[in-house]
Amino acid sequence: MRLDPLRLGLLAVLFAVLFLPIVAVGLNAFAVEWAGSVLPVGYTWGWFAQMVADPRFGQAVGNSLILALGSLLASSLTCVPAILAAHCYYPKLDRLLGGLVVLPYAVPGIVMALGLLRLYAGNYGIVLTGSPWLLIFGYIPLGASLYYMPMKSSLNALAVQDLLEAGYLLGVGDLKLQWRVILPCVRQGVVIGLILNFTLVISEFVYANLLVGGLFPTMQILMYVLRGGSGHLLSVLIMVYFVIVLIATTLVSLIVMRRKEAL
Amino acid sequence: MSFVQIRDLSKKFGETAVFADIAMTIEQGEVCVLVGPSGCGKTTLLRVMAGLAQPDTGSIRIAGRDVLGLAPHQRGIAMVFQNYALFPNMTVAQNISFALEQQGKRGADLAQRVAAMIDLMELGPRANARPAALSGGQKQRVALARALALEPQLLLLDEPLSALDAQIRKRLQVEFKRLQARIGFTAVFVTHDQEEALILGDRIAVMQSGRILQSGAPHEVYGAPASRAVAGFIGNINILEPQTVRHVFGQVSQDAWALHPETISLSPTPDAAKITAPGESTDRRLLGSTVRYSVLVQGVSLSVDVLSRPSLPPLAMGTRVFVEVNPADVRLLTD
Amino acid sequence: MTKNHWMILALAPLFAVLLLFEVLPLLAVVLSSFSRGGSWSLGNYGELIASGYHRNAYVTSAWLSVLTTVIGMGFALPICRLLQRVPSGLQTMILTYSNIGANFTGFPLAFAFIIMFGLSGSFTLLLKAAGWIEDLNIYSIGGLVLVYSYFQICLGILVIFPSLSAITVEIEEAARLLGVSRVTFWRRIGLPILAPSLIGAAVLLFANAMGTYATAFALAGGNAALVTIHIGELVAGDVFSDPNLADALSMILVVTLVVPILVEQLWFKRRGRHAA
């Protein structure tokens with residue numbers, strides 16, 4: 001692999017450009033004042049202090065984390081067993097599952113939100129809108145593909161039928177086989193799915209705003225609320241959000257790198 | 001009564017018969033090799049014996065017990081797969097101990113059995129490695145270890161060496177024979193490689209299109225093939241129809257002749273006491289210890305194997321030579 | 001086979017959730033789009049097609065998406081080629097940050113660009129001082145193009161990079177030995193091999209842009225002339241609220257996204273994917 005300085009330099013420049021938006025927001029979070037000048041006038045921790053003191057901040061971060069954790073529990077318990085069972089025992093349903101899982105890529109969030117409003121805003125006697133439960137269940141179809149793809153790539157690399165048969169011959173039942181053999185082999189795929197689902201949930205705005213809104217304000221909703229103000233508080237919130245996403249994404253890339261080594 | 005008795009076993013898949021009228025007996029401590037081309041039904045037959053598939057008719061008795069109604073792990077069998085089927089998340093030792101755990105073994109007893117198996121298969125240095133870190137040959141040894149640890153009454157092997165390259169395969173064939181001589185297990189070994197069948201089997205069953213064509217000791221099946229199909233499958237044989245026999249050797253015969261290449265000898269002059277015919281060498285191939293010639297006799301190409309000797313120079317192409325056949329070596333094919 | 005028939009229960013929760021929270025809502029939208037004033041009608045679609053306001057939004061959304069898709073692919077492809085030659089660890093790092101960039105949408109991204117390119121943004125000032133531009137309105141469609149391009153390029157990198165492995169070192173070397181020029185290589189060998197994946201990537205980027213709501217909303221509020229924004233306004237807006245119309249507009253959007261996907265699937269099923 002050639003690595004001449006020109007190309008490396010070019011890549012570094014591109015990399016820097018990728019980071020510019022983050023840098024801009026970061027500077028603004030620390031800026032005493034930044035309007036009409038190329039760089040901020042002065043730097044301060046003041047905005048962070050103000051934000052932390054604001055009760056809405058704690059509430060929003062707390063809500064986002066609660067929502068994310070609840071969502072992770074619900075999505076993992078729903079998706080992981082289903083993906084395993086479909087791959088190992090029900091190939092025809094597996095194809096159907098594959099199609100349903102990618103549906104959100106063809107149907108934008110706003111359209112799905114519309115449908116959810118139609119069904120669960122009281123038209124049929126069920127009112128789920130305003131409740132984080134609607135979000136928890138609503139996010140499952142959106143995030144299912146994030147479990148499905150990494151798990152599938154692990155499953156396809158295993159000779160699942162042979163493993164299951166070897167287990168049957170030893171007298172091992174299906175549940176035990178899944179728990180002791182198949183699941184451990186797709187562990188990395190599941191973890192990747194968990195982390196990506198986490199970032200999905202804390203980044204999500206459309207559902208949160210339209211289906212629940214101020215009744216359960218998440219970080220994204222708070223950003224919406226803060227948009228009109230001085231911008232510095234908004235920048236602080238965005239930085240907090242960004243750090244969380246950065247940690248999560250770095251974890252995923254570490255796992256992916258370990259996967260590649262193991263092969 | 002034989003250790004393993006199979007009677008009238010048949011299985012259909014829709015309208016097509018996968019195998020039919022299968023009858024086999026295997027004595028204790030015998031290795032029976034099921035050999036046949038791909039798609040002949042041998043793997044399905046093995047799986048039926050294992051309990052992974054159910055037959056339509058027939059019975060299977062192992063050590064006097066009727067096993068058809070029993071789940072695989074209740075039949076006293078163990079199986080080795082072509083693609084090893086080792087549990088990827090477990091080490092070598094764990095793969096073996098997991099199998100023993102299912103039999104209810106625990107604690108010191110379990111540990112001792114695992115250690116004994118690892119010793120036997122010489123897997124010591126790799127005992128804590130995961131399958132991904134092992135070579136093909138090592139993986140198959142682990143698979144065998146896992147199966148033998150269960151002390152099965154019948155060991156089933158589904159083309160276990162087919163995925164390995166030639167060198168490793170030969171080595172494992174030797175190792176298998178040695179293990180079998182030492183432990184004395186009873187086994188059914190499925191393969192499509194007729195050479196492997198001759199090396200490993202105490203008994204060979206040649207299968208084609210779902211039926212067993214012939215079964216017997218290797219030298220019987222090889223030396224006295226009962227049918228054209230068997231003759232064509234085992235070894236590299238010359239088959240001559242009655243008309244061709246007349247045309248080439250001037251002999252009258254009701255049945256076709258099967259002539260093994262090693263039973264035909266070459267001579268520069270005809271010997272009136274033997275059956276001979278004049279020919280011309282058209283091809284020569286060195287196979288190591290033998291030289292295989294193609295000799296054109298009266299327009300018919302015969303395969304002739306001669307032991308290679310440094311003192312005898314190989315024949316050049318186009319050499320005139322007489323082929324000689326001993327009547328006692330001629331096998332008649334009655335089908 | 002000793003398959004445990006209770007395993008089907010493992011599938012039940014997910015299918016139930018998919019049914020209740022994905023399939024049925026979508027069905028509800030489809031059906032309601034045909035309902036007008038309480039009865040079955042195509043009137044919603046008629047109104048949308050007739051309305052210049054909505055047609056404008058559709059056209060704007062469409063060309064914004066096409067343009068940013070082209071920009072995204074145009075930058076992503078050479079970047080990926082560069083990336084191929086970089087050591088594996090650095091590769092993973094850059095791909096990771098592309099992943100963040102592709103998801104860095106909505107308020108965070110919009111606000112970042114306002115800081116940089118807003119009326120008194122740093123770059124606006126720099127560019128004005130350098131005399132390159134007169135004025136820059138980040139809140140205009142041009143601004144949207146700039147902001148969309150950011151995540152489109154990131155997404156493009158993520159989607160195109162894996163498929164570049166189809167052009168192996170061996171293929172490049174074989175071409176070099178034959179004396180094939182770089183341009184000819186790409187025209188006759190490289191692009192044809194990559195075509196299926198590139199088209200798939202383009203469809204994905206297009207769908208991504210067409211379906212974006214949060215970013216556009218953050219930047220231009222409810223006034224932006226985009227299909228997704230119009231749908232949002234029709235549902236929850238202060239002035240216009242016509243849910244059925246929103247449904248119809250949604251269906252038009254979905255069809256616009258599904259058609260390229262279907263065409264791509266059928267086209268490549270018939271021709272068969274190229275193998276390296």
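**A sheet in chain B and a contact between chains A and C**

Guide: In this predicted model, chain B holds an open sheet of six strands, ordered β6-β7-β8-β3-β9-β10, with mixed pairing.

Visitor: Which are the edge strands of chain B here?

Guide: They are β6 (77-80) and β10 (211-216) of chain B, and each of them pairs on one side only.

Visitor: By how many degrees are neighbouring strands turned against each other?

Guide: The average is 20°, with direction ignored.

Visitor: In what sense do β7 and β8 of chain B pair?

Guide: Strand β7(B), residues 154-158, and strand β8(B), residues 187-191, are parallel partners joined over four bridges. For D158(B), the bridge partner in β8(B) is V190(B).

Visitor: What holds paired strands together in general?

Guide: Strands of a sheet pair through backbone hydrogen bonds, in either a parallel or an antiparallel manner.

Visitor: Where does helix α4 of chain B lie?

Guide: Helix α4(B), residues 136-148, lies across β6 and β7 of chain B, and runs at about 175° to β6(B).

Visitor: Turning to chain C, how many helices and strands does it have?

Guide: Chain C has twelve helices and two strands. Its elements begin at the N terminus with a helix, then come the two strands, and helices follow from there on.

Visitor: What box do its C-alpha atoms fill, and what share of chain C is buried?

Guide: Along the principal axes, the C-alpha atoms of chain C fill a box of roughly 75 × 70 × 35 Å. Of its 276 residues, 42% count as buried.

Visitor: How many residues does each chain bring to the contact of chain C with chain A?

Guide: Chain C brings 63 residues and chain A brings 72 residues.

Visitor: Which element of chain C gives the most to that side?

Guide: Helix α1(C) does, with 14 residues. Several helices supply at least two residues each, including α3 (52-84) and α12 (243-271) of chain C. By class, this side of chain C has 44 nonpolar, 15 polar and four charged residues.

Visitor: At what angle does α1(C) pack with helix α6 of chain A?

Guide: The angle between α1(C) and α6(A), residues 132-157, is about 100°, and their axes are 9 Å apart. The two helices are therefore roughly perpendicular.

Visitor: Which residues make the contact between α6(A) and α1(C)?

Guide: From α6(A) come F137(A), G138(A), I140(A) and P141(A), while α1(C) contributes V17(C), L18(C), F21(C) and E22(C). This contact has six nonpolar, one polar and one charged residues.

Technical notes. Residues are numbered from 1 along each chain as its sequence is written. Chains are lettered from A and ligands numbered from 1 in the order in which they are written. This is a predicted model: local features need pLDDT of at least 70, side-chain atom pairs count only at pLDDT 80 or more; totals for chains, interfaces and linings use all residues. Two strands pair if DSSP finds at least two bridges between them. Axes are lines fitted to C-alpha atoms, for helices over the stretch in contact, and angles run from 0 to 180 degrees between N-to-C directions. Two residues are in contact if their C-beta atoms, placed from the backbone, lie within 7 Å. Ala, Val, Leu, Ile, Met, Phe, Trp, Tyr, Cys and Pro count as nonpolar, Asp, Glu, Lys and Arg as charged, and the others, Gly among them, as polar. Angles under 35 degrees count as roughly parallel, over 145 as roughly antiparallel, 65 to 115 as roughly perpendicular and the rest as oblique. A residue is buried if 20 or more other C-beta atoms lie within 10 Å of its own, exposed if 12 or fewer, and partly exposed in between; C-beta atoms are placed from the backbone.
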